[in-house]
Amino acid sequence: MKTGLMLTATAIAAFLAAGPAAAAGKLNIFNWGNYTSPELIEKFSKTYDVEVTVTDYDSNATALAKVKAGGHGFDIVVPSHSYIPIFVAEGLLMESRPDQMENFKHMDPQWVDVDWDPGRHYSVPWQWGSTGVAVNREDYKGDINTSKIFLDPPEELVGKVNVVPEMADVMALALMYVGGESCSTDKDKLKAARDALMAAKPKWLSMDYGTTDKLGSGEWRASVNWNGSTFRARLANPNVEYGYPQEGFPLWMDSAAILKDAVNVENAKLFLNFIMDPENAAMISAFARYANGIKGSEAFMPDDMKTAPEINMPAELAGAGKFNKTCSKEAQDYYTAIWTELTK
Amino acid sequence: MQGQGDSAAAPARAITAREGKGALVSAARRREVRVSWLLSAPALLVLLCAASGPLLIVLVYSFLTAGDYGGIVWSFSGEGWFKVFLARDIFDDTVSIADAHLTIFWRSVRLSLLTTLICIALGFPTAWFIATRSRESRNIWLFLITIPFWTNLLIRTFAIMEVIRSEGIVNSVLLAAGVIRQPIQIMYTDFAILLGMAYVYLPLMVLPLYAAMERLDFRLIEAAYDLYASRRRVLRRIVVPLVRPGLIAGSILVFIPSLGAYVTPRVLGGGKNMMLGNLIELQFGQGRNWPLGAALSLTLLLIVMVALIFYVRIVQKEAASRE
């Protein structure tokens with residue numbers, strides 16, 4: 001009994017002694033995998049004495065489903081623009097008013113009054129980019145600024161193309177390829193898009209994520225891919241090149257926002273303000289290789305990003321980039337039906 | 001019989017009974033039954049809450065309306081179940097059998113059956129080999145069989161990927177040896193899925209087979225040889241009938257998890273062709289149709305139940321024929 005008491009007392013004393021040495025607070029970030037700069041997290045931890053935990057997800061849908069289920073313990077989530085209105089409509093985000101934060105002045109004005117979060121009451125830009133095609137130039141030397149790369153692959157790429165299983169992006173690419181737009185409910189366009197996908201599928205190798213590594217290693221010779229991922233693949237393998245489909249390609253922006261049931265609200269607000277600082281925003285981009293939405297961050301970016309063709313959209317193709325809309329239930333059901341048929 | 005009778009009426013009958021000793025025994029047995037129920041109550045409660053509870057939620061969800069952005073709306077709808085088996089053509093509204101779902105069901109069943117056959121083909125000789133070793137070395141062999149269980153399924157699957165990918169071990173060795181000029185495409189094929197599942201579930205076949213073979217009376221085999229049975233005949237008429245329970249148990253243990261496999265088809269199959277597990281995931285994730293996902297999950301459960309009933313009936317028939 002006595003030893004037991006002594007042990008308890010020692011444990012309490014040890015706990016008290018350890019107290020001040022441990023971080024003053026915590027912050028739990030729920031973000032896309034392979035997307036959060038470790039240097040950024042380290043700097044934030046040191047500056048504010050906060051213990052940060054980062055948990056990964058692989059799609060917006062996963063993030064939404066987990067957050068919706070509750071009991072997740074996350075403070076910050078980084079959904080794509082088309083999912084921000086869903087998170088807001090479902091009452092999952094806190095109106096944390098980033099527009100009233102100190103570093104808001106650094107945000108590029110073109111990203112302030114956006115459709116998905118007018119005036120930026122909920123979210124702060126994390127990174128933005130496009131979904132296009134990546135091709136290994138050793139195999140194919142023709143024009144790659146087209147969705148034909150995966151929807152009507154040239155001879156050299158037949159049986160070698162990967163398509164990321166990102167339904168929203170692939171469907172948007174296919175719909176734009178046949179002259180429609182994302183989240184369309186126009187049956188003629190949907191049918192044309194389905195037919196194009198179904199006809200192309202036998203010429204694909206796989207439908208998988210992990211594009212950065214496999215394009216970089218040369219295992220995949222072409223893939224539907226995101227621009228920053230292609231950039232990273234090119235650094236590993238100079239033959240990889242990014243194409244902006246002229247028929248139309250989706251643009252997206254992921255934005256960091258605080259969850260309504262966040263526990264560490266103050267630290268989360270500190271973090272949103274922190275990533276609007278140009279120097280810190282540059283760290284995000286330097287890691288995942290996408291553009292951010294903060295003015296003046298270019299000055300802090302690595303030199304290879306300033307001229308990268310994956311980051312600097314060619315002017316003549318920029319017009320083809322369109323932000324994916326938030327699909328209605330009806331459009332979503334069309335998407336799923338076509339997708340199931342495609343992968344049956 | 002009397003002791004298990006109606007509990008309210010039983011005491012009265014017990015007192016008027018001529019044989020007092022019998023009443024005492026039955027009372028003691030009744031108490032024993034009550035105590036054993038009480039003792040197992042916590043386990044039963046956990047089982048009820050942890051197994052039936054979630055299933056009940058799945059059942060209820062499968063009859064609700066899908067929310068606009070995932071989740072459910074609390075109003076009855078048969079749409080989820082309707083979509084499992086039937087499809088309304090999105091372009092001309094005609095209703096037909098859900099061809100895409102049936103294709104996926106069939107692929108799952110086909111690949112699971114093939115996996116089971118591969119596991120039998122590899123597991124039978126393996127179990128035989130172990131069962132015929134000396135008593136001490138058997139334990140070492142069994143121990144070796146269980147080693148893969150120490151590692152997480154996902155890691156084992158990625159390890160297989162490293163072996164069979166275009167720049168993996170198999171292709172590098174074959175290329176270096178000059179056997180092939182171009183890497184063989186093994187990844188992203190049904191073969192890769194079968195290989196992965198057979199590897200992962202093989203121990204589940206070997207262990208029950210071994211248990212059956214260990215109890216095998218080898219004198220019977222000797223007797224068969226003495227009566228001039230050929231090797232094949234010994235296998236067919238003596239060994240297989242005797243290890244049948246193990247064979248069936250192993251097949252069930254391999255077939256059921258194969259049917260619901262998710263990681264293996266996703267990683268090794270390259271996601272081009274779904275299996276049931278992947279189809280269910282699509283509904284809860286990108287498809288945002290939880291009721292359909294719930295209905296599909298229950299359909300999978302039904303297929304498993306049919307397989308189990310099949311198993312139970314075979315075992316019962318076997319037991320009956322033995323008596």
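**Exercise 1. Work out how many residues of chain B and of chain A are in contact, and how much area the two chains bury.**

Solution. Start with the contact count: 39 residues of chain B touch 44 residues of chain A. Keep in mind that this is a predicted model. Next, look at the area: the two chains bury about 3,300 Å² between them. Of that area, 54% is on carbon and sulfur atoms. Finally, ask who contributes on the chain B side. Phe91(B), Lys272(B) and Gln286(B) together supply 25% of the area that chain B buries against chain A, more than any other three residues.

**Exercise 2. Find how many salt bridges cross the interface of chain B and chain A, and decide whether Arg165(B) and Glu219(A) fit the rule.**

Solution. First, the count: there are three salt bridges across this interface. Now test the pair. The rule asks for a side-chain nitrogen of Lys or Arg within 4 Å of a carboxyl oxygen of Asp or Glu. Between the side chains of Arg165(B) and Glu219(A), the N to O distance is 3.0 Å. The pair therefore counts as a salt bridge. To finish, add the polar contacts: 17 residue pairs between chain B and chain A are in polar contact, with both residues at pLDDT 80 or more.

**Exercise 3. Describe the side of chain B that touches chain A: which helices supply at least two residues each, and what classes of residue are there?**

Solution. Begin with the helices. Three of chain B qualify: H4 (99-131), H11 (263-267) and H12 (276-284). Among the contributors to this side, H4(B) gives the most, with six residues. Then sort the residues by class: 14 are nonpolar, 15 are polar and 10 are charged.

**Exercise 4. Now stay inside chain B and examine how domain 1 meets domain 2.**

Solution. Step one is to locate the domains: the assignment places domain 1 at 2-61 and domain 2 at 96-322. Their C-alpha centres lie 40 Å apart. The contact takes four residues from domain 1 and six residues from domain 2.

Step two is the area. About 400 Å² is buried between the two domains, and carbon and sulfur atoms give 87% of it. On the domain 1 side, Leu55(B), Val58(B) and Tyr61(B) supply 87% of the area that this domain buries against domain 2, more than any other three residues.

Step three is to check for polar links. The count of salt bridges between these domains is zero, and zero residue pairs are in polar contact (both at pLDDT 80 or more). The side of domain 1 that touches domain 2 has four nonpolar residues, no polar ones and no charged ones.

Methods. Residues are numbered from 1 along each chain as its sequence is written. Chains are lettered from A and ligands numbered from 1 in the order in which they are written. This is a predicted model: local features need pLDDT of at least 70, side-chain atom pairs count only at pLDDT 80 or more; totals for chains, interfaces and linings use all residues. Side-chain values use heavy atoms; hydrogens and water are left out. Contact means heavy atoms within 4.5 Å. Buried area is the accessible area (1.4 Å probe) that two parts lose on being put together, summed over both. A polar contact is a pair of N or O atoms within 3.5 Å; within protein, one must be able to donate a hydrogen and the other to accept it, and residues adjacent in sequence count only if both atoms are side-chain atoms. Helices (H or I, at least four residues) and strands (E, at least two) are DSSP runs, numbered from the N terminus. Ala, Val, Leu, Ile, Met, Phe, Trp, Tyr, Cys and Pro count as nonpolar, Asp, Glu, Lys and Arg as charged, and the others, Gly among them, as polar. Domain bounds come from an automatic or database domain assignment.
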